[in-house]
Amino acid sequence: MPGRDEPTPQPSAADAIETLIQRCLSGDQAAWDLIVKQYWRKVFNVAYKFVGKHDQAEDLTQDIFLKIFKSLDTFDRRANFQTWLISVSRNLCIDHYRSVRKERETINRDVDASELSPAAPDEGPVAAIEQRDRVMLLRQALAALPAALRTAVLMRDIQERSYQEISETLRLPEGTVKSRINRGRTELARQIRTLRGEDYSPSGSSSEARSRTGAC
């Protein structure tokens, strides 16, 4: 009937997220906090499927949201935000997986960090000797690293501690910890090649050594 009060229509989910996105792009931090709170669990579940550890999944989720925030202006408003968010999260997890695998191969293609463990009792004498030599090589290479880099690599790759644990132990920002680990791994691989005499060639060029080790 005319004059009767009509109920106020509630905004749809799409309208609500559109409003939050617009507020974020205008510099409203509270709006971004609401988006993170609303979608944290969904992104965390994607990250957890890739890393399989709660603390690592939390670290990865934080990194994903940071990158999503920086690329929020690229979101096509005609698309579904949650679908876009999950798709971007998966792609970033894949990039993370490839990055971690590449970092570990820096060590693994020369000597596996797990070889610091004692030889299995049922290994033959030749295998035991070979492993002992590899362990000695790795220890010599580690000893040649600056103390800060050596500590970071040992805590991450040998003790398998999370970035957060290392950060808290060393009282350093996680970004600094990750940087030290990356630099330490690169320097460790270089030291191993040097100890094996692979950084040198009669012509004085290192191109042949790089081709043997797969380095670019």
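Is Trp 84 buried or exposed? In this predicted model, Trp 84 counts as buried, at 16% relative accessibility. A good place to begin, then, is with the aromatic residues. The structure holds eight aromatic pairs. In one of them, the rings of Phe 75 and Trp 84 have their centres 5.1 Å apart and their planes at 50°, so the pair is tilted. A pair of aromatic rings is described by the distance of the centres and the angle of the planes. Phe 75 is buried as well, with a relative accessible area of 6%. Elsewhere, one aromatic cluster is formed by Trp 32, Trp 40, Phe 65 and Phe 69.

Trp 32 leads on to the nonpolar interior. The largest nonpolar core has 27 residues, and the members that touch the most others are Trp 32, Ile 35 and Phe 81. Helices α1, α2 (29-51), α3 and α4 each supply at least two residues of this core, and α2 gives the most, with nine residues. The contacts of Ile 35 give a closer view: leaving aside residues up to four places away in sequence, Ile 35 touches Ile 17, Leu 20, Ile 21, Cys 24 and Phe 81. Apart from this core lies another, of eight residues, among them Leu 138, Ala 141, Leu 142 and Leu 188. In soluble globular proteins, nonpolar side chains tend to be buried together.

Charged side chains come next. The structure holds six salt bridges. One of these joins Arg 77 to Glu 18, with the closest N and O atoms 2.4 Å apart. Arg 77 lies in the loop between α3 (54-70) and α4 (81-108), while Glu 18 belongs to helix α1 (residues 13-25), so the pair ties together parts that are 59 residues apart in sequence. Both partners can be placed by accessibility: Arg 77 counts as partly exposed at 32%, and Glu 18 counts as partly exposed at 28%.

Two further salt bridges can be described in the same terms. The side chains of Arg 23 and Asp 28 meet at 2.9 Å, N to O. Arg 23 is partly exposed, its relative accessible area being 32%, and Asp 28 is partly exposed too, at 27%. Asp 76 and Arg 78 form a salt bridge at 3.0 Å, N to O. Here Asp 76 counts as partly exposed at 34% relative accessibility, whereas Arg 78 is exposed, with a relative accessible area of 76%.

Helix α6 offers a simple check on geometry. Its twelve residues (147-158) should span 16 Å at 1.5 Å a residue, and the end C-alpha atoms are 15 Å apart, which agrees. The buried residues of α6 are Leu 149, Ala 152, Val 153, Met 155, Arg 156 and Asp 157. Just after the helix, Glu 160 takes a positive phi of about 55°.

Arg 156 also takes part in a contact between charge and ring, lying over the face of Tyr 163 at 4.0 Å from the ring centre. The ring of Tyr 163 has a second charged neighbour, since the charged end of Lys 178 sits over it, 5.0 Å from its centre.

How values were computed
Residues numbered from 1 in each chain as written. Predicted model: local features only at pLDDT ≥ 70, side-chain atom pairs only at ≥ 80, totals over all residues. Heavy atoms only, no water. Helix = DSSP H or I, 4+ residues; strand = E, 2+ residues; numbered from the N terminus. Expected span 1.5 Å × (residues − 1). Buried < 20%, exposed > 50% of the residue type's maximum accessible area, 1.4 Å probe, protein only. Salt bridge = Lys/Arg side-chain N within 4 Å of Asp/Glu carboxyl O. Phe/Tyr/Trp six-rings, centres within 6.5 Å; stacked < 30°, edge-to-face > 60°. Lys NZ or Arg CZ within 6 Å of the ring centre and 35° of its normal. Core = buried A, V, L, I, M, F, W, Y, C linked by side-chain atoms within 4.5 Å. Contact = heavy atoms within 4.5 Å.
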